[in-house]
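Trainee: Hey, could you walk me through this one? I'd like to go piece by piece.
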Amino acid sequence: MKKRSNLKVMARLITLVKPLTPYMICAIIMGLIGHLTASFITIFGGYAVLDVLGLSTKMSLTFIFVSVCVFALLRGVLRYAEQSCNHYIAFKLLAIIRDKVFQSLRKLCPAKLEGKDKGNLISVITSDIELLEVFYAHTISPIVIAILFSIILCIFIGSYHFVLGIIAFLAYVVLGVIVPVITSKIGGDDAKEFRGKSGNLSSFVLDSMRGLFEIMQYNAGESRLNKMNEATDSLSKDEERMKKTAGKNAAATASVILIFDIAMLFASSMLYTKGVIGFDGVVIPVIAMMSSFGPVTALANLGSTLQNTFASGNRVLDILDETPVTEEIDGFEEVTFNGASAKNVSFSYDKELILSDISVNVPKNSVVGIVGKSGSGKSTLLKLFMRFWNTQKGVVEISNTPVDKINTSNLRDMESLVTQETHLFHDSIANNLRIAKLDATDEEIENACKKASVHDFILSLPNGYDTQVGELGDTLSGGERQRLGLARAFLHDAPFMLLDEPTSNLDSLNEAIILKSLADESGDKTVVLVSHRQSTMRIADEVYSVEHGRMS
């Protein structure tokens with residue numbers, strides 16, 4: 001995780017408000033007027049007492065009464081309007097941030113995300129983004145409101161005597177700036193560690209749910225549960241520590257308010273005894289001071305709350321700032337598929353060498369087989385053809401053009417990749433297939449399924465192609481999912497098909513049907529076929545063997 005100061009995180013988050021600036025200005029104006037009306041209800045009450053005592057003739061009781069009623073009504077209306085604006089801004093921005101995060105994840109896929117902790121990632125795009133609501137709804141406008149409100153009150157109180165204005169100024173600075181900063185320092189990186197542990201726990205729970213069958217089979221439930229409880233207990237201790245910090249912050253805030261109220265009363269009394277100000281110069285400044293801490297108290301309380309928010313913001317910004325391994329390309333002329341090749345290609349994951357000086361030639365309308373032991377780099381080679389990664393050495397070409405000189409959309413249109421694991425969405429079978437071609441007709445879908453030897457199976461289901469597939473495709477067997485993956489590839493109808501163990505979960509009969517379909521398609525398709533099975537390689541025109549990342 002990139003280390004950013006809270007100020008940098010705040011600055012980055014604020015820049016996202018730009019499209020909603022008019023709403024933010026409205027929220028600030030209404031919030032400012034609302035807080036002023038709330039304070040002046042009490043201040044006008046002070047004027048009323050002075051008028052009854054005959055010590056002030058600035059306003060009549062009738063004017064004061066009417067004004068207080070108007071202030072009370074305005075306070076309610078403006079408070080509602082301010083909160084409506086702030087929450088509209090907050091939830092609109094959360095939608096914008098989610099969209100930006102999705103766009104970033106799309107650019108990062110699949111290279112950067114292949115080794116990512118899925119549960120941690122889910123935690124970031126759900127709970128971490130949700131926590132930013134506190135910042136947008138309860139932080140930006142309250143800070144501006146507190147600053148403007150404090151300036152107005154300092155001027156008002158200072159109009160009785162500059163010393164009283166200085167006391168008010170010091171009170172607002174200590175309460176609105178110094179207390180939150182100290183609280184933030186005391187909290188340190190607790191919130192950041194808490195969000196990290198929370199993400200790790202989410203990942204552990206997700207992993208446990210997906211591996212529930214294996215956990216039950218090998219009676220590992222108790223061990224897994226103990227680890228989960230340990231992680232939960234650790235989180236609870238961290239949260240307890242953070243709550244204690246928040247409690248100390250609240251106590252410090254209350255103490256500061258009391259100290260400055262007493263200081264204002266003492267200073268105004270001393271000035272009164274010396275004849276510098278009148279009795280109204282004691283009553284009104286003290287009442288104004290006591291009734292004016294609402295906006296800055298909100299800032300003081302944010303000191304501990306925002307630690308969690310900034311930690312979440314930092315994790316979200318990590319995704320937005322992460323550089324894709326392969327940038328999307330456009331601006332080049334469209335390329336028509338006319339064969340592919342890998343020339344002297346070497347590739348490493350970090351420092352682990354996967355492929356070393358590999359060369360493969362894939363003529364147009366041919367079937368090329370690639371065999372080798374697990375971990376020898378066969379699947380990686382297919383992904384290099386897809387340009388999921390860039391090679392460290394050598395070049396991968398389509399139609400004698402390096403893949404990093406081909407528009408990404410053009411490359412995707414020319415290629416179909418079927419991996420060993422087929423992901424199915426919680427949707428109908430037809431919609432799961434249609435992701436390969438959004439405008440596909442029912443007839444096109446059925447033809448693709450016939451080629452993948454899955455059409456008859458689908459018709460045997462209660463709702464046929466409208467049958468709902470369970471989350472992650474758990475309602476289907478491995479072989480059924482694999483055939484649906486192949487059907488997607490046939491439906492995509494790309495000229496270059498990259499198949500990674502496409503028949504590993506199939507019986508001999510279904511394998512034979514699919515291999516026949518691939519052989520029939522080879523008249524206008526080019527196929528690279530990765531498999532352990534020698535039977536699968538019977539349709540290959542040429543077979544390459546990869547051992548320990550080298551051709552043999």
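**Two loop residues, then the strands**

Mentor: Sure, let's start with one residue: Glu501 has a relative accessible area of 6%, so Glu501 is buried. Keep in mind that this is a predicted model.

Trainee: Okay, and where is Glu501 found?

Mentor: Glu501 sits in the loop between strand 7 and helix 18 (508-521). Its backbone deserves a look too: Glu501 is not a glycine, yet its phi is positive, about 50 degrees.

Trainee: Which other non-glycine residue has a positive phi?

Mentor: Arg387 is one, with phi near 60 degrees. You'll find Arg387 in the loop between helix 12 and strand 4.

Trainee: Is Arg387 buried or exposed?

Mentor: Buried. The relative accessibility of Arg387 is 8%, and the cut-off for buried is under 20%, so Arg387 counts as buried.

Trainee: You mentioned strand 7. What does strand 7 pair with?

Mentor: Strand 7 (residues 496-500) is joined to strand 8 by five bridges, and the two run parallel. As an example, Met497 has Val527 in strand 8 as its bridge partner.

Trainee: And which strand pairs with strand 8 over four bridges?

Mentor: That's strand 3 (residues 367-371), again in the parallel sense. There, Val368 has Val528 of strand 8 as its bridge partner.

Trainee: How many residues of strand 8 are buried?

Mentor: Five of its five, in the stretch 526-530, so strand 8 is mostly covered. Both of its faces are covered: Thr526, Val528 and Val530 are buried on one side, while Val527 and Leu529 are buried on the other.

Trainee: Switching topic. What about strand 4, the one after Arg387's loop?

Mentor: Strand 4 belongs to an open sheet of four strands, ordered 2-1-4-5, with antiparallel pairing. The edges are strand 2 (352-362) and strand 5 (401-402), each of which pairs on one side only.

Trainee: Remind me, what holds strands together in a sheet?

Mentor: In general, strands of a sheet pair through backbone hydrogen bonds, in a parallel or antiparallel way.

Trainee: So how many bridges join strand 4 to strand 5?

Mentor: Two bridges join strand 4 (residues 393-398) to strand 5, and these strands run antiparallel. Ile398 has Thr401 in strand 5 as its bridge partner.

Trainee: Which helix lies across strand 4?

Mentor: Helix 12 (residues 378-385) does, and helix 12 also lies across strand 1 (340-349) and strand 2. Relative to strand 1, helix 12 runs at about 115 degrees.

Trainee: Let's jump to Ser453. Where does Ser453 lie?

Mentor: In the loop between helix 15 (442-451) and helix 16 (455-459). Ser453 has a relative accessible area of 13%, so Ser453 is buried.

Trainee: What is Ser453 in contact with?

Mentor: Leaving aside neighbours within four places in sequence, Ser453 is in contact with Arg483, Asn510, Ile513 and Ile514. Also, the C-alpha atoms of Ser453 and Glu480 are separated by 9.4 Å, and those residues are 27 apart along the chain.

Trainee: Last one, the surface. Which residues make the nonpolar patch?

Mentor: Val49, Leu53, Leu55, Tyr272 and Phe279 make a nonpolar surface patch of about 470 Å². Val49 lies in helix 2 (residues 21-52).

Trainee: How does Val49 count for accessibility?

Mentor: Partly exposed. Its relative accessibility is 46%, and partly exposed covers what is in between the 20% and 50% cut-offs, so Val49 fits there.

Terms used: Residues are numbered from 1 along each chain as its sequence is written. This is a predicted model: local features need pLDDT of at least 70, side-chain atom pairs count only at pLDDT 80 or more; totals for chains, interfaces and linings use all residues. Side-chain values use heavy atoms; hydrogens and water are left out. Patches are made of residues with over 30% relative accessible area and no salt bridge: like charges are joined within 9 Å, nonpolar side chains (Val, Leu, Ile, Met, Phe, Trp, Tyr) within 5 Å. Accessible areas come from the Shrake-Rupley method with a 1.4 Å probe; for residues, only the protein chains shown count as cover. A salt bridge is a side-chain nitrogen of Lys or Arg within 4 Å of a carboxyl oxygen of Asp or Glu. Buried means under 20% relative accessible area, exposed over 50%, partly exposed in between (1.4 Å probe, protein chains only). Contact means heavy atoms within 4.5 Å. Two strands pair if DSSP finds at least two bridges between them. Axes are lines fitted to C-alpha atoms, for helices over the stretch in contact, and angles run from 0 to 180 degrees between N-to-C directions.
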